[in-house]
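User: Hello! I am new to reading protein models, and I would like to learn how to do it step by step. Could you guide me?

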Protein chains: 2
Amino acid sequence: MTQAVTPDAIMQLGFGYWGSRTLLSAVELGLFTELANGPLSLDDIRARLNLQKRSSRDFLDALVALGMLKREQGSYANTPATDLYLDRAKPTYLGGMLEMMSARLFRFWADLTEGLRTGQPQNEAKHGGDLFDTLYSDPHRLEQFLSAMTGLSLGVAHAMAEKFPWSQYKSFVDIGVAQGGLPVVLAEKHKHLTGIGADLPVVGPIFERYVASHGLQDRLKFAKLDFFREPLPRADVIIMGHILHDWDLSTKKLLVAKAYDALPAGGSFIVFEAIIDDERRSNAFGLLMSLNMLIETRGGFDYTGADCSGWMREAGFRETRGEHLSGPDSMVIGVK
Amino acid sequence: MTQAVTPDAIMQLGFGYWGSRTLLSAVELGLFTELANGPLSLDDIRARLNLQKRSSRDFLDALVALGMLKREQGSYANTPATDLYLDRAKPTYLGGMLEMMSARLFRFWADLTEGLRTGQPQNEAKHGGDLFDTLYSDPHRLEQFLSAMTGLSLGVAHAMAEKFPWSQYKSFVDIGVAQGGLPVVLAEKHKHLTGIGADLPVVGPIFERYVASHGLQDRLKFAKLDFFREPLPRADVIIMGHILHDWDLSTKKLLVAKAYDALPAGGSFIVFEAIIDDERRSNAFGLLMSLNMLIETRGGFDYTGADCSGWMREAGFRETRGEHLSGPDSMVIGVK
């Protein structure tokens, strides 16, 4: 046995779900939202979150040790990061995705081994349900989910506003727009742009509320779209973020071809998500996101920039390039 | 919004269960055991582990990105650490605990929020079962579990063999001995010692097989013990590792008092586990282990060295001290 070979990294990864799950429960319980008004004692927190005495102190001190809370003179407080990103009352709230993972996805990942053995999704679909049907059937739940998506994509939106040559284009359409987080950032940053947010009809009022709250209703319009049955709306730039990975290869290629058809000559197609590095060695998040597509969809998978460029060229795009955006997300750009 | 305050640490922790679960599935599937004989291609691995084509490449490349596999010229291979610690055929195998987490504990942790709200265990007990009854009812499953415990405690055993003044004592008893990993290390390192491994009767043959395989049957004997109904066996040193945290406060104190009663004057009581730092700020693993006791037991919890010293002094021990052992584990020593 070599002295230098320790099991530490293995054990840290294997037990890693304990800390992860502890944070998810804290977000689900609204702990950071309660603490946004100021530090609270253990007893106050227990009363507000309706926690039993048993384990509540361990729960809070574990969050201190994990760097998610501070504790001073017996009172617990948010850190600057948890205060900014995990308080439901702030527009910077990122907890929607974590709440969703706490309520459903963590449980479904328990069946990863079965997923790998069967190739079948391990979510509501196992019992005859469908993720998107379930999501879209309850407008309140849908708005919560779409709001979570906005929070998660803000960093990416700001990066795309900076890194793409918007001055060369006048209009864009965001396919699967959700609440409209990206169009709002692009329109605020580039005053000459007009945009269309395209999604299923149920998303319309949610998009329009969000856009109006930023005073952008004159430049950003909603278009209802079933992208399997209809052509995509026309614009100088077509954007698809976190869409292609939901689908199998032939559907991916169909969507890329539809984007090509809807663009003018010289128009650009921007695809972005947690694009896997071409060597498939370093973007662990992108590779794990692809396993998440196994859990959540019937044929979806994530892919490398080279994969995406290949599909674009096959569809007729004359030029492609990739660029990192923010965190695990990159974009692949195809020019017609 | 301060530039320096990023959501990266929050997101990394929140999504952390994806990588953790991926490793657990790999161990459960026996991936590292298959690769211990040499590198294999994707197709070979799929055939041997009975994996679907969908997602199997993402699964393996995710393990590469997580540092658990190497990939060269299209073949996958163990790293030095996964080869040493995650190959079932090696005596250094540590995967038993990870297999157990893959098969049951990950799923139970999905109910952490309910546990915090009810104070009740979230394992088999929820449906009328009992962890220890379930474990001890199937001798094969029990041997697997006890073997997992041995693997996990080897580092601690070597540290205790070095850091405790064994030359001053002649005999020890290990309460809740399991397979006997600790007694074997102590007896191998200190030839003058004799030891007793005490546990429920069903453990006897498993202990005796393991001890005989190390040729130590003359110096290490098994004693059947129900520590709630019987006094502890007498010895110069009494050891309790990963026992006290399973129980509520009054049972903890009862066990400490029983240790006191069974020791001669000058004898030592060694308690070890993932003892929480007295400030309850830095040993995240110990605090999370305490939440694991919520999931797994009706009243168990982990504790600080100061807590344990307090119970020892209350029971009559005249002197106590704490010392770090290995990884997250420390020992508290009480002298009678």
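User: Let me start with one residue: is B:Arg71 buried or exposed?

Analyst: The idea is to look at relative accessible area: buried means under 20%, exposed over 50%, and partly exposed in between, using a 1.4 Å probe and protein chains only. B:Arg71 has a relative accessible area of 13%, so B:Arg71 is buried. Before we go on, please note that this is a predicted model, where local features need pLDDT of at least 70, side-chain atom pairs count only at pLDDT 80 or more, and totals for chains, interfaces and linings use all residues. Residues are numbered from 1 along each chain as its sequence is written, chains are lettered from A and ligands numbered from 1 in the order in which they are written, and side-chain values use heavy atoms, with hydrogens and water left out.

User: With which residue does B:Arg71 form a salt bridge?

Analyst: A salt bridge here is a side-chain nitrogen of Lys or Arg within 4 Å of a carboxyl oxygen of Asp or Glu. The partner of B:Arg71 is B:Asp61, and their closest N and O atoms are 2.9 Å apart. B:Asp61 is buried too, with a relative accessible area of 1%. B:Asp61 sits in helix 5 of chain B and B:Arg71 in strand 2 (residues 69-72) of chain B, so the pair ties together parts that are ten residues apart in sequence. Helices (H or I, at least four residues) and strands (E, at least two) are DSSP runs, numbered from the N terminus.

User: Which residue of chain A forms a salt bridge with B:Asp61?

Analyst: That is A:Arg280, with the closest N and O atoms 2.6 Å apart. Salt bridges can also join up into a network: A:Arg57, A:Asp58, A:Asp61, A:Arg71 and B:Arg280 are linked in this way.

User: How many salt bridges are there between chain B and chain A, and how many over all chains?

Analyst: Between chain B and chain A the count is six, while the search of the whole structure finds 42 over all chains. One of them joins the side chains of B:Arg46 and B:Asp43, at 3.8 Å from N to O. These two are three residues apart in helix 4 (residues 42-49) of chain B, and are therefore separated by about one helical turn. B:Arg46 is partly exposed at 23%, whereas B:Asp43 is exposed at 51%.

User: Where in chain B do B:Glu314 and B:Lys253 lie?

Analyst: Their side chains meet in a salt bridge (3.3 Å, N to O). The pair links distant parts of the chain: B:Glu314 is in helix 15 (residues 305-315) of chain B and B:Lys253 in helix 13 of chain B, 61 residues apart. B:Glu314 is exposed, at 57%, and B:Lys253 is partly exposed, at 30%.

User: Now for the two chains together. What turn lays chain B on chain A?

Analyst: In general, two copies of a chain are related by a rotation about an axis and a shift along it. Here a turn of 180° and a shift of 0.0 Å along the axis lay chain B on chain A with an RMSD of 0.0 Å. That is the relation of a two-fold axis. The copies are superposed by least squares on the C-alpha atoms of residues with pLDDT of at least 70 in both. Of the residues of chain B, B:Tyr17 comes closest to the rotation axis, at 2.1 Å (C-alpha).

User: How many residues of chain B are in contact with chain A?

Analyst: Contact means heavy atoms within 4.5 Å. By that rule, 83 residues of chain B are in contact with 83 residues of chain A. Of the interface residues of chain B, 100% are also interface residues in chain A, so the copies meet through the same surface.

User: What is the area buried between chain B and chain A?

Analyst: The size of an interface is often given as the accessible area lost when the parts come together. Buried area is computed with a 1.4 Å probe and summed over both parts. Between chain B and chain A it is about 7600 Å², of which carbon and sulfur atoms give 67%.

User: One last feature: what is the phi of A:Gln73?

Analyst: Phi of A:Gln73 is near 45°, a positive value in a residue other than glycine. A:Gln73 is placed in the loop between strand 2 (69-72) and strand 3 (75-78) of chain A, and at 84% relative accessibility A:Gln73 counts as exposed.

Methods. Buried area = accessible area lost by both parts, 1.4 Å probe.
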